Amino acid sequence: MSKYVRANMTLFSFLLAWVAIPMWAQHPAFETTDPDTTINIVAFFCNHDTTTYTYESRKWKVNAGDTTEVHRLTEKFQLVVTDSTPDGYKLVYIPLSFEYNDTANSNDKLMYEALWNQTRNLRPEFLMDEMGQLTHLTNWREIRDAMKNGNKMMLDSLYAKRPELDSVMPRQRMESVLALKFINEAGVMDAYEEVKTLFDLHGGQVKIGTTEVDDSTSFPSHTKLWASYETVEDPDEDYEGDYAIQSSTITTLSGEEAAALIGNVFNVLATGEVAGKLQQLMVDSLNTQMTITNLEDYHYFFNGWPKLMRKQKIVEIKDHKNVDETSIEWADYRWGIFGGEAEEPKNSF
């Protein structure tokens, strides 16, 4: 759960983390068409199905060819289907373990530990429709309150260690922005990035083979999408009917567009006077284009349970590159039988 806050970056990296570019994965309309030409991403779950996943998040910077890892976080969690009806499913998320690799800043560990302690005993309960799309988070208010406490503890630690931030990004404004992100059910659901990644494409349909799309709706981008059924290589881990979907989206922004995009973040977080100065600094310094590359790789079991999900976002400006990578891979599963007692949450610091 600690992934939803990125307050420990350098100012530039922090701003890049707020840059949002639309990606291809916006639920293609589900239709019943020729099964030989399309793959439908549908959940066929049973009551008490249990799957355990390992999540890893990594971030690194490349400056003039010099690579530095700035973040590595590993989580293990369990998903249990506690109810299955013709109308959908009830899915419970159980955090199991959490480890943060202190590669860059010892303050990070203190913040992540505070957030983990606030969320480790929560059991988010998601509702899904018959296709496997997430529709509700029934106990979102309880989780929102825990996040509020976790945010306060995180900001207490951050601003105590870096008091100079308050003159650039006032503590009260930062706290308000974080509170707004989790003010309703949708915002709290978005905080569970790992669950959304696993099920965001359910209810959609993709064409088998390769599809390429150019889009200039917001910024010029080119997307290449590939989908196929997978070959059975290991009978213990692969099944007939497993399938994979991959995509790459490259978006190019001019220096002015990049400065304007990042400037919007300054306007939200920084004081008016500081925001103006920083935005002018960005305009003066970003005299070259920004390239944002999003790579996605999704693998599913035949019954719709996610098997392996990978995402990588690369932001390039001149000789500076920020890479943000996440992966979620199944560790074990028990399908069609009672899942048993979950492991007790634990952390490693």
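Helix H3 (residues 140-161) and helix H4 (residues 171-181) have axes that come within 11 Å of each other and cross at roughly 150°. H3 is therefore roughly antiparallel to H4. For this label, angles over 145 degrees count as roughly antiparallel, under 35 as roughly parallel, 65 to 115 as roughly perpendicular and the rest as oblique. The axes are lines fitted to C-alpha atoms, for helices over the stretch in contact, with angles from 0 to 180 degrees between N-to-C directions. The crossing of H3 and H4 is right-handed, a term used when the near helix is turned clockwise from the far one by less than a right angle, with anticlockwise giving left-handed.

Before going further, a word on the model itself. It is a predicted model, in which local features need pLDDT of at least 70 and side-chain atom pairs count only at pLDDT 80 or more, while totals for chains, interfaces and linings use all residues. Residues are numbered from 1 along each chain as its sequence is written, and side-chain values use heavy atoms, with hydrogens and water left out.

Which residues bring H3 and H4 together? From H3 come Asn151, Lys152, Met154, Leu155, Asp156 and Tyr159, and they meet Arg171, Met174, Glu175 and Leu178 of H4. By class, this contact has five nonpolar, one polar and four charged residues. Here Ala, Val, Leu, Ile, Met, Phe, Trp, Tyr, Cys and Pro count as nonpolar, Asp, Glu, Lys and Arg as charged, and the others, Gly among them, as polar. Contact means heavy atoms within 4.5 Å.

Now for the wider picture. The protein chain has eight helices and 14 strands, which are DSSP runs numbered from the N terminus (helices: H or I, at least four residues; strands: E, at least two). Of its 349 residues, 47% count as buried. Buried means under 20% relative accessible area, exposed over 50%, and partly exposed in between, with a 1.4 Å probe and protein chains only. The accessible surface of the chain comes to about 16,400 Å², and 50% of that belongs to carbon and sulfur atoms; the areas come from the Shrake-Rupley method with a 1.4 Å probe. Among contacts between residues at least 6 apart in sequence, 70% join residues at least 24 apart.

Some individual residue pairs show how separate parts of the chain are placed in space. The table lists C-alpha to C-alpha distances.

| Residue | Partner | Separation in sequence | C-alpha distance |
|---|---|---|---|
| Valine 188 | Leucine 137 | 51 residues | 8.1 Å |
| Isoleucine 94 | Threonine 52 | 42 residues | 9.2 Å |
| Leucine 158 | Leucine 110 | 48 residues | 9.2 Å |
| Valine 80 | Threonine 50 | 30 residues | 4.5 Å |

Valine 188 sits in helix H5 (residues 185-191) and is buried, with a relative accessible area of 0%. Leaving out residues up to four places away in sequence, valine 188 touches Leu137, Trp140, Ile143, Arg144, Met147, Lys181 and Phe182. Leucine 158 belongs to helix H3, and at 5% relative accessibility leucine 158 is buried.

On the strand side, valine 80 is part of strand S3 (residues 66-85). Is valine 80 buried or exposed? Valine 80 is buried, its relative accessible area being 14%. Apart from neighbours within four places in sequence, valine 80 contacts Asp49, Thr50, Lys90, Leu91, Val92 and Ile94. Isoleucine 94 in turn lies in strand S4 (residues 88-101) and counts as buried at 10% relative accessibility.

Finally, two backbone details may catch your eye. Most residues other than glycine have a negative phi. Histidine 48 is not a glycine, yet has a positive phi of about 80°. Histidine 48 is placed in the loop between strand S1 (38-40) and strand S2 (50-63), and with 29% relative accessibility histidine 48 counts as partly exposed. Lysine 318, also a residue other than glycine, has a positive phi near 55°. The loop that holds lysine 318 runs between strand S12 (306-317) and strand S13 (320-334). Where histidine 48 is partly exposed, lysine 318 is exposed, with a relative accessible area of 54%.
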